[in-house]
Amino acid sequence: DLESHSQRCQQLPVTVLTDHQDLKNTNLKTILSSTAPQQYRVRAKLRTYKPQKLYQSVKLHCSKCSTLQEVPIGDEFDFCLQGSAVAAPNTVFHNTSWYDSVMWTTQDQKQRKIVIHFVRHDELLQRPKDTLVMIEGGTLKEMQKLAKRFKCVIPVRSAKDGLQLLDLSAPFLLQGNVKYYGCKQCSTPKPIKSLSSLAAGQQPSWEPSEIAQVLGIVPLQYVFIMRFTLVDPTGPLNVYLFDY
């Protein structure tokens, strides 16, 4: 409970970081004039912390190029899905040698065409909890429902040469409640047919890291970041917390 914790910290005259109990307290002026890396134990007041809301502390980080970006909100993903649904699914890419396809039209005014491609293994469908599905024309709500039932869900669209991933502004994979994103700078997306090599494996596990690799995606990692400003009589110090 970060909010109540920070309120308690601000009510106390000082905040003591309890790590490195074997070290004596060091004033902030000494730390600022020292070269990194060092270990210190400080006794200081908490002046400010950012961000103010805990969910804003979660970012997406690329370990390859060190890019840091905000986690897209649901509306942004839905907008990307709507853009991909403008083009009708191409039936030429249905029912291939490694997946079965089912298409239907929604009963609402938009009458959207939705296609789900069920990836097979050894010419058979796996159990839902072990199955990878790809969906064209679906909404975020529909994909989240599928992600609760199947092992993995990949949003796709029809292109000239076959099924492709959406723009990397959208997640390339959904698994349960987790959305996996790829780095736009470092990724070189490959056609969806690249997944057929995994489907032909002895027992596909559909691990996100394996899927990302065959699709040419450099995955982004969720990280937790905060900044604290500590003060004592000798000066202020900005402290950054960064962890996976």
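Which side chains meet in a salt bridge at 2.7 Å, N to O? They are the side chains of Lys59 and Glu70, where a salt bridge is a side-chain nitrogen of Lys or Arg within 4 Å of a carboxyl oxygen of Asp or Glu. This pair links distant parts of the chain, with Lys59 in strand β3 and Glu70 in strand β4 (residues 68–70), eleven residues apart.

The model is predicted, so local features need pLDDT of at least 70 and side-chain atom pairs count only at pLDDT 80 or more, while totals for chains, interfaces and linings use all residues. Residues are numbered from 1 along each chain as its sequence is written, and side-chain values use heavy atoms, with hydrogens and water left out.

## Overall picture

The secondary structure of the protein comes to six helices and 14 strands; helices (H or I, at least four residues) and strands (E, at least two) are DSSP runs, numbered from the N terminus. Of the 244 residues in the protein, 41% are buried, a word that stands for under 20% relative accessible area, with exposed standing for over 50% and partly exposed for what lies in between (1.4 Å probe, protein chains only). The accessible surface of the protein comes to about 14,800 Å², and 52% of this belongs to carbon and sulfur atoms; such areas come from the Shrake-Rupley method with a 1.4 Å probe, and for residues only the protein chains shown count as cover. Among the contacts in the protein with a separation of 6 or more, 51% are between residues 24 or more positions apart, a contact being heavy atoms within 4.5 Å.

## Salt bridges

The structure holds five salt bridges, including those listed here.

| Pair | N to O distance | Citation |
|---|---|---|
| Lys59 and Glu70 | 2.7 Å | salt bridge |
| Asp100 and Arg120 | 2.3 Å | salt bridge |
| Asp167 and Lys184 | 3.9 Å | salt bridge |

Asp100 lies in strand β5 (residues 99–105) and Arg120 in strand β6 (residues 113–121), so this pair ties together parts that are 20 residues apart in sequence. Asp100 is partly exposed, with a relative accessible area of 26%, whereas Arg120 counts as buried at 13%. The side chains of Asp167 and Lys184 also form a salt bridge, and that pair links the loop between β10 (162–165) and β11 (173–175), which holds Asp167, with the loop between β12 (178–180) and α5 (196–199), which holds Lys184, 17 residues apart. Asp167 counts as partly exposed at 45% relative accessibility, and Lys184 counts as exposed at 52%.

## The surroundings of Lys59

Lys59 has its place in strand β3 (residues 58–61) and is buried, with a relative accessible area of 16%, while Glu70 counts as exposed at 51% relative accessibility. A polar atom of the Lys59 side chain lies 2.9 Å from the backbone oxygen of Gln56. When residues up to four places away in sequence are not counted, Lys59 touches Leu68, Gln69, Glu70, Val71, Gln221, Tyr222, Val223 and Ile225.

Strand β3 also contains Val58, which counts as partly exposed at 30% relative accessibility. Together with Val178 and Tyr222, Val58 forms a nonpolar patch on the surface, with about 200 Å² of accessible area together; patches are made of residues with over 30% relative accessible area and no salt bridge, like charges being joined within 9 Å and nonpolar side chains (Val, Leu, Ile, Met, Phe, Trp, Tyr) within 5 Å.

## Nonpolar cores

A nonpolar core is a set of buried Ala, Val, Leu, Ile, Met, Phe, Trp, Tyr and Cys residues joined through side-chain atoms within 4.5 Å. The largest one has 24 residues, and those with the most contacts inside it are Met134, Ile154, Ile192, Leu195, Trp206, Ile211 and Leu215. Two or more residues of this core come from each of β8 (132–136), β9 (152–159), β10, α5 and α6 (208–214). A second, separate core of 17 residues includes Leu81, Ile135, Val153 and Ala170.

## The surroundings of Ser158

Ser158 lies in strand β9 and is buried, with a relative accessible area of 16%. A polar contact of 2.6 Å joins the side chains of Ser158 and Glu136, the term meaning a pair of N or O atoms within 3.5 Å; within protein, one must be able to donate a hydrogen and the other to accept it, and residues adjacent in sequence count only if both atoms are side-chain atoms. The C-alpha atoms of Ser158 and Glu136 are separated by 7.8 Å, and the two residues are 22 residues apart along the chain. The backbone nitrogen of Asn90 lies 3.0 Å from a polar atom of the Ser158 side chain.
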